[in-house]
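Q: Before we start, I would like to learn how to read strand pairing, burial and salt bridges from a set of coordinates. Can we take them in turn?

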Amino acid sequence: MSEFDDIRPYNDNEVSPVLHRVINNPEFIQALTRWRFKHLANYLGFMAPLIRWYLHWRVRSIHSIADLQKEIKTYMDTMISRTSSDLTIAGLDKLNPNNAYLFISNHRDIAMDPAFVNFALHQNGFGTMRIAIGDNLLTKPYVSDLMRLNKSFIVNRSASSPREKLKAARHLSRYIEHSIKQQHSNIWIAHREGRAKDGLDITNPAVISMIALNKDKKSDLSSYINQLNIVPVAISYELDPCDALKANELYQQQQTGEYAKTTHEDIASVALGITGQKGHVHVEFGDVLQGYFADTDAIAAEIDRQIRLLYCLFPNHCLAYQKLKGKVPQVQVGATKEVFNPEKFAKQTQLFERRLQQLDPSLHDIFLTMYANPIINKLS
């Protein structure tokens, strides 16, 4: 049994049996029917055998992770064309497709953040990534199977005692280093646990501390970090499909001091993040972290500096800032870096205005702050 069998993605020889296990899972068929064929959900007993037969037929030629990701790409192409007005990618010309990198990005969407980074890499001749995913999202066996089939590895967030948490973190740190140095596989991990619901992208130094846990005691921190080829990535969405849900969560926390998630709420957010309108999406890769770092705080600060620099602002961010601050921000917008002009970009801000008016007025300030904060963060 491999040292990392409990957290690693599935291997090629496991693809076919796991796929068939998922397809034969009644819960998966039920969930798929309710999500993909809502109008036929009342006929589940009749539809289930047909859907199961179709899926078995569809996966008949999938025998490896590469085969599966080729199939996923067709759905990714369709999703991008239906839910995004544009996708722009920058910064990959600075990286070498033959090297393995540890990509650390800001975190706005559970599934789409790594999906867009993966898509950008694949489109430019880079190998796809192994993706860190918290076990809190793997609420069903078939969800865990699907994630691990798509090169996800498990971050243990359910450990309770300090000793168990440290053990799990060391295990994860060893796996990340092993993947990059021994198996030459790209890795993706978010720069913080949980999405930045308030729109402020701030790296948690604890993530860097976890990555560095496997460092030899005789080695210095900078040398270890330099060997991991860490690349900050900024993912920018013109529109957040989950913005109303995030605003409501922040409002509830503001009013009561807490917010209790419903069962499988994160999975619902995953589905909405995939299917919801995103407008223009921009993915930009930074520079490989190299040089001297005094401590993990310094590394986190450098990641924040690059993400803040690379983050792409859009006209709706500027409109939100203008509504809150009463003045037009002096910033550049879009991948072409045009100076924001309210009159020139009036058409682009109309959709955002409609989204705002559909919300309960009690959520307006929180909603606007979510979209204005990237400007505030960049100006800082």
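A: We can begin with one pair of strands: β3 and strand β5 (residues 186-190) run parallel and are joined by three bridges. The model is a predicted one.

Q: What holds such strands together, and which residue of β5 is the bridge partner of Arg130?

A: In general, the strands of a sheet pair through backbone hydrogen bonds, in a parallel or an antiparallel sense. Here Arg130 has Ile187 in β5 as its bridge partner.

Q: How many bridges pair β3 with β4, and in which sense?

A: Four bridges pair β3 with β4, in the parallel sense. Within that pairing, Gly134 stands opposite Val155 in β4. The connection between the two strands includes helix α6 (residues 141-149), and together β3, α6 and β4 make a right-handed β-α-β unit.

Q: Is strand β3 enclosed or open to solvent?

A: Burial is judged by relative accessible area, with under 20% counting as buried. Six of the six residues of β3 (residues 129-134) are buried, so the strand is largely enclosed by the rest of the structure. Met129, Ile131 and Ile133 point one way, while Arg130, Ala132 and Gly134 point the other way, and all are buried.

Q: What is the strand order of the whole sheet?

A: The sheet is open and has seven strands in the order β1-β7-β6-β2-β5-β3-β4, with mixed pairing. Its edge strands, β1 (84-90) and β4 (152-155), each pair on one side only. From one strand to the next the twist averages 25°.

Q: Which strands supply an antiparallel case?

A: Strand β6 (residues 230-237) and strand β7 (residues 279-285) run antiparallel and are joined by five bridges. Tyr237 has Val281 as its bridge partner in β7.

Q: Turning to helices, how does the span of α5 relate to the expected value?

A: Helix α5 (residues 112-123) has twelve residues, and the distance from its first C-alpha to its last is 16 Å, close to the 16 Å expected at 1.5 Å a residue. Just after α5, Gly125 takes a positive phi of about 80°.

Q: How many residues of α5 are buried?

A: Nine of the twelve are buried, so α5 is largely enclosed by the rest of the structure. Among the buried residues are Met112, Phe116, Phe119 and Leu121.

Q: How should I read a salt bridge within one helix, such as that of Asp77 and Lys73?

A: An α-helix has 3.6 residues a turn, so residues three or four places apart point the same way. Asp77 and Lys73 both lie in helix α4 (residues 65-83), four residues apart, about one turn of the helix. Their side chains meet in a salt bridge at 3.0 Å, N to O. Asp77 is partly exposed at 32% relative accessibility, and Lys73 is partly exposed at 23%.

Q: How many salt bridges are there in the structure, and what parts does the pair Glu3 and Arg174 tie together?

A: The structure holds 18 salt bridges. In one of them, the closest N and O atoms of Glu3 and Arg174 are 2.8 Å apart. Glu3 lies in the segment before α1 (12-23) and Arg174 in helix α7 (residues 162-182), so the pair ties together parts 171 residues apart in sequence. Glu3 is partly exposed, with a relative accessible area of 46%; for Arg174, also partly exposed, the value is 31%.

Q: Which residues are linked in a network of salt bridges?

A: Asp5, Arg8 and Glu14 are linked in such a network.

Technical notes
Residues numbered from 1 in each chain as written. Predicted model: local features only at pLDDT ≥ 70, side-chain atom pairs only at ≥ 80, totals over all residues. Heavy atoms only, no water. Pairing = 2+ DSSP bridges. Axes fitted to C-alpha atoms, helices over the stretch in contact; angles between N-to-C directions. Expected span 1.5 Å × (residues − 1). Buried < 20%, exposed > 50% of the residue type's maximum accessible area, 1.4 Å probe, protein only. Right-handed = clockwise from strand over helix to strand, strands pointing away. Salt bridge = Lys/Arg side-chain N within 4 Å of Asp/Glu carboxyl O.
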